[in-house]
Amino acid sequence: MSVAFVPDWLRGKAEVNQETIQRLLEENDQLIRCIVEYQNKGRAHECVQYQHVLHRNLIYLATIADASPTSISKAME
């Protein structure tokens, strides 16, 4: 299950660190590979399910990035 799927009562309490972000990026890589594999096999229903998880992960990562503009400006230097 995706690390982005957490119960409402836990949301906002998880520590966002480099390890969490790395796990999400690795999960996204695997999701993309699965999506491509299922597309090649013509299994659209499975693709949609994985695309939803990928979308949620990407939104979560974008939210983290938007919430920490100082780390982004440091990375751009």
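## Reading a helical chain, step by step

Mentor: Let's start with one residue: Arg33 is exposed, with a relative accessible area of 52%. Keep in mind that this is a predicted model.

Trainee: Okay. How do I read a number like that for another residue, say Asp29: what does its relative accessibility make it?

Mentor: The idea is to compare the percentage with two cut-offs: under 20% is buried, over 50% is exposed, and in between is partly exposed. Asp29 has 37% relative accessibility, so it counts as partly exposed.

Trainee: Got it. Now, what about the chain as a whole: what share of its 77 residues counts as buried?

Mentor: That share is 22%. You can look at the outside too: about 6000 Å² of the chain is exposed, with 57% of that area coming from carbon and sulfur atoms.

Trainee: And the fold? How many helices and how many strands does the chain have?

Mentor: Count the elements, then read them in order. Here you get 3 helices and 0 strands, which along the sequence gives the pattern α-α-α.

Trainee: How would I tell how much the chain folds back on itself? What percentage of the contacts with a separation of 6 or more comes from residues 24 or more positions apart?

Mentor: You look at how far along the sequence the partners lie. In this chain, 57% of the contacts with a separation of 6 or more are made by residues 24 or more positions apart.

Trainee: Back to Arg33. Which residue does Arg33 form a salt bridge with?

Mentor: For a salt bridge, you look for a Lys or Arg nitrogen within 4 Å of an Asp or Glu carboxyl oxygen. Arg33 pairs with Asp29, their closest N and O atoms lying 3.0 Å apart. The two residues sit in helix α1 with their positions 4 residues apart, about one turn of the helix.

Trainee: How many salt bridges are there in total, by this rule?

Mentor: The total is 4. Another of them joins the side chains of Arg23 and Glu19, at 3.9 Å from N to O. Arg23 and Glu19 are 4 residues apart in helix α1, which covers residues 18-40, so about one helical turn separates them. Check their exposure as before: Arg23 is partly exposed at 41% relative accessibility, while Glu19 is exposed at 53%.

Trainee: Which partner does Lys41 have?

Mentor: Lys41 meets Glu37 in a salt bridge, 3.1 Å from N to O. Glu37 has a relative accessible area of 41%, so it is partly exposed.

Trainee: Next, cysteines. How many disulfides does the structure hold?

Mentor: The structure has 0 disulfides. Cys34 is in none, and the nearest cysteine sulfur, in Cys47, is 9.6 Å away.

Trainee: Why don't Cys47 and Cys34 bond?

Mentor: Compare the gap with the cut-off: two sulfurs must be within 2.5 Å to count as a disulfide. The sulfurs of Cys47 and Cys34 are 9.6 Å apart, so they are too far for a bond. As for burial, Cys34 is buried at 17% relative accessibility, and Cys47 is buried at 5%.

Trainee: Let's try helix α2. How can I check its length, and what span should its 24 residues have?

Mentor: Each residue should add 1.5 Å, so the 24 residues of α2, residues 44-67, should span 34 Å, and the end C-alpha atoms are indeed 34 Å apart.

Trainee: Which residues of α2 are buried?

Mentor: They are Glu46, Cys47, Val53, Leu54, Asn57, Leu61 and Ile64. To see what hides them, look for the elements that cover them: α1 is included in that cover.

Trainee: Asn57 is on that list. What is its relative accessibility, and which side chain does it contact?

Mentor: Asn57 has 0% relative accessibility, so it counts as buried. Its side chain makes a polar contact of 2.8 Å with that of Asn28.

Trainee: And Leu54: which residues does it touch, beyond those up to four places away in sequence?

Mentor: Leu54 touches Asn28, Leu31, Ile32 and Ile35. At 13% relative accessible area, Leu54 is buried. The C-alpha atoms of Leu54 and Gln30 are 9.6 Å apart, although the residues are 24 apart in sequence.

Trainee: One last residue: where is His52 placed?

Mentor: His52 is in helix α2, and at 48% relative accessible area it is partly exposed. Its C-alpha atom lies 10.0 Å from that of Leu31, which is 21 residues away along the chain.

Technical notes:
Residues are numbered from 1 along each chain as its sequence is written. This is a predicted model: local features need pLDDT of at least 70, side-chain atom pairs count only at pLDDT 80 or more; totals for chains, interfaces and linings use all residues. Side-chain values use heavy atoms; hydrogens and water are left out. Buried means under 20% relative accessible area, exposed over 50%, partly exposed in between (1.4 Å probe, protein chains only). Contact means heavy atoms within 4.5 Å. Accessible areas come from the Shrake-Rupley method with a 1.4 Å probe; for residues, only the protein chains shown count as cover. The expected span of a helix is 1.5 Å times one less than its number of residues. A polar contact is a pair of N or O atoms within 3.5 Å; within protein, one must be able to donate a hydrogen and the other to accept it, and residues adjacent in sequence count only if both atoms are side-chain atoms.
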